[in-house]
Amino acid sequence: KGIGEMLNVENMVVSYGNIRAVREVSLTVGDGEFVVLIGNNGAGKTSTLKAICGVNSPSGGTVNLNGENITGKPSHKIAAKRVAMVPEGRRVFAGMTVRENLDMGAFLRRDKKSIENDRETVYELFPVLRERFRQPAGTLSGGEQQMLAIGRALMAQPQYLLLDEPSLGLAPIMVESIFEKIVQINRQGISLLMVEQNAFLALSVANRGYVMDSGEIVLAGTAEELLENDMVKRVYLGME
Ligand code: ATP
């Protein structure tokens, strides 16, 4: 890895027709960092992630990956540069087996041996996926499907992993377990940018955070700073 590797978003704008969902957002994710993006429904968090990884095309600003401008490139090109996304709502291929879902994550790769190694690493991280590898993904519980969605993204060998609301709709005990795994993934050296409604949980595990409101970043800081911030406490942590 080179010095100064980072994901750098500058003044990014995302529009849907007349709606400006993201207004000149700037953020960075350094090599090995765990960064969270918090904010209310409709603040523009998902739109930000999608525009970074090429699912949507930003209408302004730049996305820079390790010094290369990747703004507006198609998602498969960005995936090949080792930026992967786990979409909201754990969209797994329900009719395909667990194993087939994982292999879909490696579809850009030809290195059979290393794909096998990575599948093994995913199974070590999520043993339940190994137990169920022949089962159709649609028969897994919500939490297991979230694990599979994360596992599939890991099969692309990401340097940067974008996670959209991994806790959504999961029971608290499952949320805790998923978050432990996400921390482990970061410790393995993968940089994370995570969107999360549960601000307290997100800031408890991340290094840094950004607060988004109405399409704009309104606050940025270390996780500790944000946990202590009065506005964050009042609006996002429900404390007086
Ligand atoms: P959520 O947590 O609900 O996903 P969010 O912070 O991720 O919220 P976005 O999903 O990025 O917010 O949405 C930002 C704004 O853009 C909202 O006003 C939303 O209604 C609008 N929007 C999102 N996707 C589209 C779309 N495909 N077409 C039109 N408007 C959209």
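**The shell around the ligand**

Modeller: Helix H1 gives the most to the shell around the ligand, with three residues. This is a predicted model, in which local features need pLDDT of at least 70 and side-chain atom pairs count only at pLDDT 80 or more, while totals for chains, interfaces and linings use all residues. Residues are numbered from 1 along each chain as its sequence is written, and side-chain values use heavy atoms, with hydrogens and water left out.

Colleague: Why is H1 called a helix?

Modeller: Residues 45–52 form H1, and the name applies because a helix is a DSSP run of H or I with at least four residues, numbered from the N terminus. Strand S2 (19–30) also gives two or more residues to the shell; a strand is a DSSP run of E with at least two residues.

Colleague: What makes a residue part of the shell, and which are the closest?

Modeller: A residue is near a molecule if one of its heavy atoms lies within 4 Å of it. The ligand is surrounded by 14 residues, the closest being Gly 42, Gly 44, Lys 45, Thr 46 and Ser 47.

Colleague: Why is the pair between Gly 44 and the ligand called a polar contact?

Modeller: A backbone N or O atom of Gly 44 lies 2.8 Å from an oxygen atom of the ligand. A polar contact is a pair of N or O atoms within 3.5 Å, so this pair qualifies. A polar side-chain atom of Glu 88 lies 3.4 Å from a ligand oxygen atom, and one of Glu 165 lies 3.5 Å from a ligand oxygen atom.

Technical notes
A polar contact is a pair of N or O atoms within 3.5 Å; within protein, one must be able to donate a hydrogen and the other to accept it, and residues adjacent in sequence count only if both atoms are side-chain atoms.
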